[in-house]
Amino acid sequence: MSVSFRALSVPDPSGLMFGRAPKPVSCGFGLELGKGQVYPELNFTLPTMVLDESNWAAVVAHYEEIGTSIQRAAKRLKLPGLMVEFELLPPMTEHPSWGAEITAILHRHLKQAHKDFGLPCALRVTPTDIRDVTRPPDLRSGKPVEALLQSFEQCAAAGADVLSIESVGAKEVHDEALLYGDLDGVIFALGVLAPRDMDFLWKKIVTVCSSHKVVPGADSACGFANTAMQLSSQGMLPEVLAAVVRAASAVRSLVAYECGALGPSKDCAYEGPILKAITGTPIAMEGKSASCAHFSPVGNVAAAMCDLWSNESVQNVRLLSGPAPEAYLELLAYDCRLFNQALKSGTERAYQDLLVESDVHLSPQAYILSPISTGRIASAIVKESSHYAMTLAAARESVLILREAGQKKELDLNSREIEWLERISRDLDALPVDEQQLLVSMQERYGHLFSAASYGL
Amino acid sequence: MKELQELAQSVEQGQVQKVSGLTQQLLDSGVSPQTVLNDGLIAGMTVVGEKMRSGEMYLPEVLQSASAMHGSLKILKPHLVREGAQSRGKIMVGTVKGDMHDIGKNLVSIMLQGAGFDIVDLGLNVPPQKFVEAITAHQPAILGLSAMLTTTMLNMKTTIEAINAAGLRSNVKVIIGGAPVSQKFADEIGADGYARDAVLAVDKVKQLLGVTA
């Protein structure tokens, strides 16, 4: 199955609204996404502890405790619906039966909640992409690849309702290019290598999902654009570079949908609004209520178009109120009540405006995630036909958006950010139209970092 | 000396060809390779480090400076070896067992190289025994351990225990870094230091080795 997106599913940015998606998704125990409500997506991880066979009983006990606290909080908060995400830790993917065992535990808790008090709910399971254990990574063969595919199979069989991944194909090149501010390398990684790996991996994921009647969720450019976001937040990279990387990264994430992914997108995929405009599928987002996991400059604008609202990840530790996952589920639940009340009362436009306006003038990374900016970037993408051209178009459009915002004084860019924006613009303009030409020069520059066979080259 | 100042400035500005050219000129005019290294290259990179710390330079600009320095070092190294010049110190780095995050570790390596240290990078997902074997083989002054996960950070402790058990602990200082770790954790597992980011890692290494510039 291969779908091409040559037009926007949401052509008018004013149609990009939280809680509503033209192509809703039904999953799990009666959870319907994109049909007029925003639901919490709770994510969690283990506290500091050894994760191996000798300590497995303690690991299981943590997930049992989390499951129990989810049931308790969902009932107490009268949640209208809930997505739970289980992100496997690397050993749980290396040993597929471990991830499947935890999946079964969480599935059992959600099934119980649905039976006891009718909670519409679903379990998203996200195996870790463990294929990059060697350098250069072998992305298409070997034990890690086999374990990853087995992990999808076994988690699907154990009760996952949605399967997702944060895949890392081309990260080995992107990391290096990003550190050096090398736009040729960034675009090569995002527009030439990553789409090839996404196509390889997502066709396999969709096949697993079809055989188990599980929803193929989506991928995230976390390893690419969130790396840029974090480095910029530490003052190591210009914010405008992180913003351009975000826009460009949407194309490699889009490939999952071309292969049959249906959404919801992953919470850490801040490129989600661009994907929603193109595909019309529901998106998960994270912002202010994910500061337990990491900081970001896009805390409110990230919420403007979400269908699931996530905390990204929190350790299962004891807070004054109770277990941290339960505390964060309460935060998300109250956030979602506001979204849903706005939708119910017809004030969603005003609420969305507040979410957008409170952030967009303070950061280029927030500015490019407004409904208008994401609509423009999405339009630029669907006008092109190759992944390379689409990536380049997204990057160029984001530069135009940021330049115009600076000129209109809608965004306060300091002189160094402006210098970098112009440098990025020049570098993008200098890239060849012909992908093959770029491939030759990039093999010279980065050939030592990646295996051509991993990308079918 | 004016030429050395110009070299330091060129390093700061990341002018790869100019730095190499000036290095050769200085050597040809009889300036000692150690002086070129200390008063030209490292002096320039010290300013770069300060500018990065104060937010005046971004990482790509820092790396451009580091590239300029490396170009010069290629010319300088044979002369330094001939003169028996001492390295500033050998630093070994690696991401601990079970962890596949390496961008932070790579960043630290680059910054340390820029500050004139020799790097041995063991890569990612490194088991304790491999660290032990590499310490025996390379005899680094400092070992930098990296971890990004709450479930892998304890492998830093396991690694230090393995180094202890091998009787090598007094030969090497250990520093740690990564999102879930802290100074408190470093103290708990018996590490000699913790650094929150790559710039501070360079400071910590200099402090532990008693390097002042």
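This short presentation describes chain A as a whole and then the two domains of chain B.

Good morning, colleagues. Please bear in mind throughout that the structure before you is a predicted model.

I begin with chain A. Its secondary structure consists of 16 helices and nine strands. The radius of gyration of chain A is 21 Å, and the globule rule gives 23 Å for 457 residues; the two values are close, so chain A is as compact as a globular protein of that length. As for its dimensions, the C-alpha trace of chain A extends over about 60 × 55 × 40 Å along its principal axes.

The interior of chain A can be described in two ways. Of its 457 residues, 61% are buried. In addition, if one takes the contacts in chain A between residues at least 6 apart in sequence, 75% of them join residues at least 24 apart.

I turn now to chain B. Here the assignment gives two domains: domain 1 covers residues 2-82, and domain 2 covers residues 90-209. Taken over C-alpha atoms, the centres of these two domains of chain B are 27 Å apart.

How many residues does each domain of chain B bring to the contact? Domain 1 contributes 10 residues, and domain 2 contributes seven. On the domain 1 side, helices α3 (33-53) and α4 (59-82) of chain B each provide at least two of the residues that touch domain 2. By character, the residues on that side of domain 1 of chain B comprise seven nonpolar, two polar and one charged.

Thank you for your attention.

Methods:
Residues are numbered from 1 along each chain as its sequence is written. Chains are lettered from A and ligands numbered from 1 in the order in which they are written. This is a predicted model: local features need pLDDT of at least 70, side-chain atom pairs count only at pLDDT 80 or more; totals for chains, interfaces and linings use all residues. Domain bounds come from an automatic or database domain assignment. Helices (H or I, at least four residues) and strands (E, at least two) are DSSP runs, numbered from the N terminus. Ala, Val, Leu, Ile, Met, Phe, Trp, Tyr, Cys and Pro count as nonpolar, Asp, Glu, Lys and Arg as charged, and the others, Gly among them, as polar. The radius of gyration is taken over C-alpha atoms; the globule rule is 2.2 Å times the number of residues to the power 0.38. A residue is buried if 20 or more other C-beta atoms lie within 10 Å of its own, exposed if 12 or fewer, and partly exposed in between; C-beta atoms are placed from the backbone.
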